[in-house]
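Student: Could you take me slowly through one part of this structure, the sheet, and also tell me how the two chains touch? I would like to follow each step on the model.

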Amino acid sequence: MGQPAAKLSVSVPNELAVAVRKRVGARGLSGFVARAMAHELEREGLGALLQELEAKIGPPTKSDLARARKTWPKR
Amino acid sequence: MAEALILDSEALNALAFASDRAVLAKRASAILRLAHDKRALVRVPSAVLAEVCRGVRYDSAVNHLLNNPGIRVAELTRGAAQQAGHLLAKLKLSSAHAVDAFVVATALQFDTAVIATGDPDDIRRLAAPFRRIAIFAL
């Protein structure tokens with residue numbers, strides 16, 4: 001069963017609205033916006049976690065970061 | 001679907017107990033930072049919790065980590081569980097490797113994924129057929 005939906009009224013730049021409607025259509029707009037909002041909240045949470053970790057153990061080493069970049073798949 | 005970073009039990013433990021496991025936690029934070037930069041999702045397969053949760057004393061640190069909105073638990077779906085079984089069968093591995101197989105099956109739910117793991121050999125074997133999965137050894 002889906003969660004109850006809340007109606008939001010937001011203002012976005014016209015160009016952005018046109019691009020999103022073109023991409024997902026009028027009926028797909030709510031799902032697209034909900035996914036984008038959830039993703040942004042996750043990203044902010046991750047940013048906060050990285051700050052918390054850095055305060056505890058310091059920043060990641062350059063060599064670990066380089067290895068992480070090398071590991072990450074190219075798209 | 002999007003890109004994802006999948007955390008196995010060692011990665012989750014390192015991040016939850018960062019002060020006690022600083023070396024591993026720093027490595028885990030490097031791949032976590034890259035996930036943030038790449039706007040990737042970070043997921044913990046629910047089966048991993050069976051390896052990590054060992055009672056209230058330990059769980060509070062794990063729960064603190066999982067309460068962060070940036071890390072979400074990926075529920076084990078019927079499809080992923082069946083896929084995990086198929087991965088084990090292909091390599092003739094026993095159910096002792098079931099959690100590793102769940103980790104790889106979770107990674108397969110995304111377009112591309114990186115698995116952060118303290119057990120790279122087994123995970124690498126299970127993920128070997130899939131070019132869209134990369135392994136980051138802690």
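**Contact between the chains, and the sheet of chain B**

Tutor: Let us begin with the contact, keeping in mind that this is a predicted model. On one side 22 residues of chain A take part, and they are in contact with 27 residues of chain B. The elements of chain A that give two or more residues to this side are α2 (29-57) and α3 (62-71), and α2(A) gives the most, with 12 residues. Sorted by class, the side of chain A that touches chain B has 12 nonpolar, four polar and six charged residues.

Now to the sheet. Chain B holds an open sheet of five strands, in the order β3-β2-β1-β4-β5, and the pairing is parallel. At the edges stand β3 (72-74) and β5 (133-137) of chain B, each with a single partner strand, so one side of each is left without a neighbour in the sheet. If the direction of the strands is ignored, neighbours in this sheet are turned by 35° against each other on average. As a general point, the strands of a sheet pair through backbone hydrogen bonds, either parallel or antiparallel.

It helps to start from β1(B) and follow its pairings. Strand β1 (residues 3-7) of chain B runs parallel to strand β4 (residues 112-117) of chain B, and five bridges join them. Along this pairing, Glu3(B) stands opposite Thr112(B), while the partner of Ala4(B) in β4(B) is Ala113(B). Ala4(B) also has a bridge partner in β2(B), namely Leu41(B), and β1(B) and β2(B), which run parallel, are joined by three bridges. Four of the five residues of β1(B) are buried, so this strand is largely enclosed by the rest of the structure.

The next step leads to strand β2 (residues 41-45) of chain B, which is mostly covered, with five of its five residues buried. In a regular strand, the side chains alternate between the two faces of the sheet. Following β2(B) with this in mind, you will find Leu41(B), Arg43(B) and Pro45(B) pointing one way, and Val42(B) and Val44(B) pointing the other way, with all of them buried. From β2(B) the sheet continues to β3(B), which runs parallel to β2(B) and is joined to it by three bridges; here the bridge partner of Pro45(B) is Ala74(B).

Technical notes: Residues are numbered from 1 along each chain as its sequence is written. Chains are lettered from A and ligands numbered from 1 in the order in which they are written. This is a predicted model: local features need pLDDT of at least 70, side-chain atom pairs count only at pLDDT 80 or more; totals for chains, interfaces and linings use all residues. Two strands pair if DSSP finds at least two bridges between them. Axes are lines fitted to C-alpha atoms, for helices over the stretch in contact, and angles run from 0 to 180 degrees between N-to-C directions. Two residues are in contact if their C-beta atoms, placed from the backbone, lie within 7 Å. Ala, Val, Leu, Ile, Met, Phe, Trp, Tyr, Cys and Pro count as nonpolar, Asp, Glu, Lys and Arg as charged, and the others, Gly among them, as polar. A residue is buried if 20 or more other C-beta atoms lie within 10 Å of its own, exposed if 12 or fewer, and partly exposed in between; C-beta atoms are placed from the backbone.
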